[in-house]
Each structure stands twice: as C-alpha cells, then as structure tokens.
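Colleague: I would like a close look at one part of this model, the sheet and whatever packs against it. Please take it strand by strand, then go on to the surroundings.

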Amino acid sequence: HLKSKAGQATTPLDTEDNWEVLRKRVVEHNIRVIAKYYTRISLSHFASLLHLELKEAEDMLCKQVVKGTVTAKIDRLDGIVNFTKPRDTEEILNSWSGNLNSVMTLIGNCNHLITKERMVHQVN
C-alpha cells in the first residue's frame with residue numbers, strides 16, 4: 001500500500017482514480033494543443049490523435065468548449081471539427097454594429113422604394 005500525506009494507507013481504488021484524473025488532464029491538454037495547431041480536422045483523426053474512441057473524443061471536446069477552454073464547432077454530418085480563435089468583446093461588438101448598420105441601410109432603402117411606389121400609384 002502507498003502512504004498518503006496523512007500517513008494513511010491508500011487503497012488501489014484511490015490510485016486508479018488518480019490515474020483516471022491524470023488521463024483526463026492529459027487528454028484535455030492534448031485537445032488544447034490540437035486546437036492551437038489545427039483549424040480544421042476530421043473527427044476520426046482528432047480521436048486517433050487522442051487515442052480515444054470517437055464518442056469519448058467528442059464528449060471530451062464538448063466539455064472543453066463548454067468550459068471555454070477551446071472554441072470549436074463540430075459538423076457531425078461531415079465529421080469535421082473547426083477550431084476558431086476566441087474573439088474579444090470589442091471585436092464582437094464591432095461586428096455586430098457593422099451588421100446592424102447594414103440592416104438599417106437595407107431598411108432605409110426599402111422605405112425609400114415603398115415611398116416611391118406610393119407616389120407613382122397616387123399620380124395614376
């Protein structure tokens with residue numbers, strides 16, 4: 001038996017739990033490394049790099065995305081993982097503002113065309 005910090009003997013179950021925690025941490029680290037070097041990877045290749053079954057690799061990736069550790073989207077139909085760089089708040093707001101300006105321009109154009117149609121039909 002191994003001795004813990006308190007001097008108590010640990011059971012084999014404790015050591016197995018520790019190995020499982022270590023294994024998960026190594027997989028999480030490897031996911032971060034893959035996200036750093038890949039922008040697009042097949043889900044099967046992703047799983048093989050991690051030495052995991054497809055389902056477990058996908059589950060581990062989903063947990064990392066939910067935690068905010070990596071930013072990724074999974075296209076399940078094509079079996080592709082797309083990693084993206086996290087965008088900062090200012091970039092997101094600028095993009096949103098630009099999109100809003102485009103929508104407002106389109107609304108203004110529609111308003112102008114509607115007014116023009118009304119004027120043409122009122123004359124006739």
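Modeller: β4 and β5 are a good place to begin: they pair in the antiparallel sense, and four bridges hold the pairing. Please keep in mind that this is a predicted model. Within this pair, Lys73 stands opposite Asn82 in β5. The two strands, β4 and β5, make up a hairpin, with four residues between them. In the turn of that hairpin sits Gly79, whose phi is positive, at about 70°.

On to the other pairing of β5. Strand β5, residues 80-83, is also joined to β3, here by three bridges, and these two strands run antiparallel. Two positions show how they line up. Ser42 has Ile80 in β5 as its bridge partner, and Ile41 stands opposite Val81, also in β5.

Put together, the three strands give an open sheet in the order β3-β5-β4, with antiparallel pairing. The edges are taken by β3 (40-42) and β4 (72-75); each has a single partner strand, so one side of each is left without a neighbour in the sheet. From one strand to the next the twist averages 20°. As for side chains, in a regular strand they alternate between the two faces of the sheet.

Next, the helices that lie on the sheet. Helix α2, made of residues 43-50, lies across β3, β4 and β5 and runs at about 85° to β3. Helix α3, residues 54-67, lies across β4 and β5, and its angle to β4 is about 145°.

Two residues of α3 deserve a separate word. Glu58 lies in this helix. Its relative accessible area is 12%, and since the limit for buried is under 20%, Glu58 counts as buried. Apart from neighbours within four places in sequence, Glu58 is in contact with Leu43, Ile74 and Arg76. Of these, Ile74 falls within the range of β4, residues 72-75, and Leu43 within that of α2, residues 43-50.

Gln64 is the second residue, also found in helix α3. Gln64 is buried, with a relative accessible area of 1%. With neighbours within four places in sequence left aside, Gln64 is in contact with Glu28, Ile31, Arg32, Thr69 and Val70. Glu28, Ile31 and Arg32 fall within helix α1, which spans residues 12-37.

Val70 leads on to the pocket. The largest pocket has a volume of about 190 Å³. Of the 13 residues that line this pocket, the closest to its centre are Ala35, Val70, Thr71, Thr84 and Pro86. Helix α1 gives the most to the lining, with three residues. Val70 is thus listed among the contacts of Gln64 and also among the residues closest to the pocket centre.

Last, a word on the cysteines. A disulfide is a covalent bond between the sulfur atoms of two cysteines. The structure holds zero disulfides. Cys62, which falls within the range of α3, counts as partly exposed at 29% relative accessibility. Cys110 is partly exposed too, with a relative accessible area of 45%.

Note on methods. Residues numbered from 1 in each chain as written. Predicted model: local features only at pLDDT ≥ 70, side-chain atom pairs only at ≥ 80, totals over all residues. Heavy atoms only, no water. Disulfide = S-S within 2.5 Å. Buried < 20%, exposed > 50% of the residue type's maximum accessible area, 1.4 Å probe, protein only. Pairing = 2+ DSSP bridges. Axes fitted to C-alpha atoms, helices over the stretch in contact; angles between N-to-C directions. Contact = heavy atoms within 4.5 Å. 1 Å grid on protein atoms, 1.4 Å probe; cavity = no way out; pocket = protein on both sides within 12 Å on 5 of 7 lines; lining within 4 Å. Points joined across faces, edges and corners; volume = space filled by probe spheres on them.
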